[in-house]
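Me: Hi! I've got a new model open and would love to talk it through with you. Shall we start with a turn and work outwards?

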Amino acid sequence: MASILPASNKPMRSDQNTHVGKSFVHVKNPYLDSMDEDILYCLDLGTKTHNLAAMFEDVKHGMGIPSILIMLHELIKLLHHAQSCDVIMIRVGTSGGIGVTQGSVVITDTAVDSFFKPRFEQVVLDNVVTRSTELDKELAEELFNCSREIPNFPTLIGHRMCTYDFYEGQGRLDGALCSFSREKKVDYLKRAHIAAVRNIEMESTVFAAMCRLCGLKAAAVCVTLLDRLECDQINLPHDILVEYQPQPQLLISNFIKQRLGLRDQPS
């Protein structure tokens with residue numbers, strides 16, 4: 001998850017509370033008015049917990065396919081110049097689950113696009129280039145076996161869907177735009193589940209494609225913070241979020257210790 005720099009603590013101008021001469025943004029989603037609170041999860045903001053009217057500028061934010069693609073180009077070049085060998089790349093983070101219990105850790109065997117296809121489409125010059133998004137299945141199995149050694153650590157292997165958007169692209173009803181019904185949303189997510197998709201995020205297809213093309217073993221491990229078949233907004237208490245978010249790192253740290261022969265040493 002990308003970090004957010006909060007808006008500067010400037011005093012509110014005297015004209016900020018007046019609507020005279022203002023042209024406001026109009027959202028086109030009838031579901032928003034019925035919500036008790038709107039949690040802007042990716043920005044770590046909420047309509048009840050933050051004064052959003054005062055936090056409107058000086059925000060720097062990076063996430064999703066464009067950000068990770070730039071990072072991967074330069075990171076892979078760095079590994080090349082450093083003459084690194086036997087490199088394993090693991091993407092960790094949070095995600096929305098599909099038909100899985102919140103707090104479960106999903107190890108991805110294949111990243112798929114919004115059509116449930118194992119591909120990443122990249123526009124290069126004026127051509128659309130399609131690249132495979134298969135991840136290393138032996139590495140996924142090794143991570144899964146490692147998870148079995150951690151008590152009370154629900155883990156599964158499944159496909160991961162990567163989208164270009166957190167809202168409409170993931171079938172959410174709480175964005176600034178919503179062009180589909182609740183029924184169509186549920187139908188889409190159920191079809192994703194039938195296609196073996198167990199979680200959704202916004203980086204995995206390009207991550208899998210780049211690592212595969214450059215000969216890197218790669219895995220993706222994310223904890224699920226909600227079941228998207230049940231709700232759209234992440235409304236877990238803060239202490240539960242704090243408990244869930246380090247789960248992928250715990251698995252990866254155990255995996256690294258196992259690889260280095262340090263399994264019997266204390267954390």
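Me: How many residues sit between E5 and E6 in their hairpin, and which one in the turn has a positive phi?
Reply: There are two residues between them, and leucine 125 is the one in the turn with a positive phi, about 55°. Bear in mind that this is a predicted model.

Me: How do E5 and E6 pair, and over how many bridges?
Reply: They pair in the antiparallel sense over six bridges, with E5 covering residues 119-124 and E6 covering residues 127-132. As an example of who faces whom, arginine 119 stands opposite serine 132 in E6.

Me: OK, back to phi for a moment. What sign does it usually have?
Reply: Most residues other than glycine have a negative phi. Leucine 125 is joined by phenylalanine 116, with a positive phi near 65°, in the loop between E4 and E5. Asparagine 152 also has a positive phi, of about 50°.

Me: Where is asparagine 152, and is this residue buried or exposed?
Reply: Asparagine 152 lies in the loop between helix H2 (137-147) and strand E7 (155-162). With 75% relative accessibility, asparagine 152 counts as exposed, because the cut-off for that is over 50%.

Me: And which glycine with a positive phi follows H4?
Reply: That's glycine 215, with phi near 70°. H4 itself spans residues 204-213 and is mostly covered, with eight of its 10 residues buried. Among them are Phe207, Met210 and Cys211.

Me: Changing topic: which strands make up the closed barrel, and in what order?
Reply: Five strands do, running E3-E8-E7-E4-E9, and the pairing is mixed. On average, neighbouring strands of this sheet are turned by 50° against each other, ignoring direction.

Me: What packs on that sheet?
Reply: Helix H6 (residues 247-259) does, touching strands E3 (88-97), E4 and E9. The direction of H6 makes about 155° with that of E3.

Me: E9 keeps coming up. How many bridges join E3 to E9, and how many join E4 to E9?
Reply: Nine bridges join E3 to E9, and those two run parallel. Three bridges join E4 (residues 105-112) to E9 (residues 217-227), and that pair runs antiparallel.

Me: Which residues face each other there?
Reply: On the E3 side, glycine 97 stands opposite aspartate 227 in E9. From E4, valine 106 has cysteine 222 as its bridge partner in E9, while valine 105 is matched with valine 223.

Me: Is E9 mostly covered or mostly open?
Reply: Mostly covered: 10 of its 11 residues are buried. For the protein chain, buried residues make up 40% of the 267 residues.

Me: Since cysteines came up, how many disulfides does the structure hold?
Reply: Zero. Two cysteines are still handy to compare by accessibility. Cysteine 146 is buried, with a relative accessible area of 2%. Cysteine 231 is partly exposed, at 25%.

Me: What about aromatics? How many pairs are there?
Reply: The structure holds two aromatic pairs. In one of them, phenylalanine 166 and tyrosine 167 meet edge-to-face, with 5.2 Å centre to centre and 80° between the planes.

Me: Why does phenylalanine 166 count as buried and tyrosine 167 as partly exposed?
Reply: Phenylalanine 166 counts as buried because its relative accessibility is 13%, and buried means under 20%. Tyrosine 167 has a relative accessible area of 22%, so it falls in the partly exposed range between 20% and 50%.

Me: Let me go back to H2. How far apart are the C-alpha atoms of asparagine 145 and phenylalanine 255?
Reply: They are separated by 9.5 Å, although the two residues are 110 apart along the chain. Asparagine 145 is in helix H2, and this residue is partly exposed, with a relative accessible area of 39%.

Me: What share of the contacts is that long in sequence?
Reply: Among contacts between residues at least 6 apart in sequence, 79% join residues at least 24 apart. The protein chain has six helices and nine strands.

Me: Last one: what is the mean pLDDT, and where is the value below 50?
Reply: The mean pLDDT of the protein chain is 86, and 85% of its residues reach 70 or more. Over residues 1-18 the pLDDT is below 50, and this stretch has 35 contacts in the model beyond near neighbours in sequence.

Definitions and conventions
Residues are numbered from 1 along each chain as its sequence is written. This is a predicted model: local features need pLDDT of at least 70, side-chain atom pairs count only at pLDDT 80 or more; totals for chains, interfaces and linings use all residues. Side-chain values use heavy atoms; hydrogens and water are left out. Two strands pair if DSSP finds at least two bridges between them. Helices (H or I, at least four residues) and strands (E, at least two) are DSSP runs, numbered from the N terminus. Axes are lines fitted to C-alpha atoms, for helices over the stretch in contact, and angles run from 0 to 180 degrees between N-to-C directions. Contact means heavy atoms within 4.5 Å. A disulfide is a pair of cysteine sulfur atoms within 2.5 Å. Buried means under 20% relative accessible area, exposed over 50%, partly exposed in between (1.4 Å probe, protein chains only). pLDDT is the predictor's confidence in each residue, from 0 to 100. Rings of Phe, Tyr and Trp (its six-membered ring) pair if their centres lie within 6.5 Å; planes under 30 degrees apart count as stacked, over 60 as edge-to-face and the rest as tilted.
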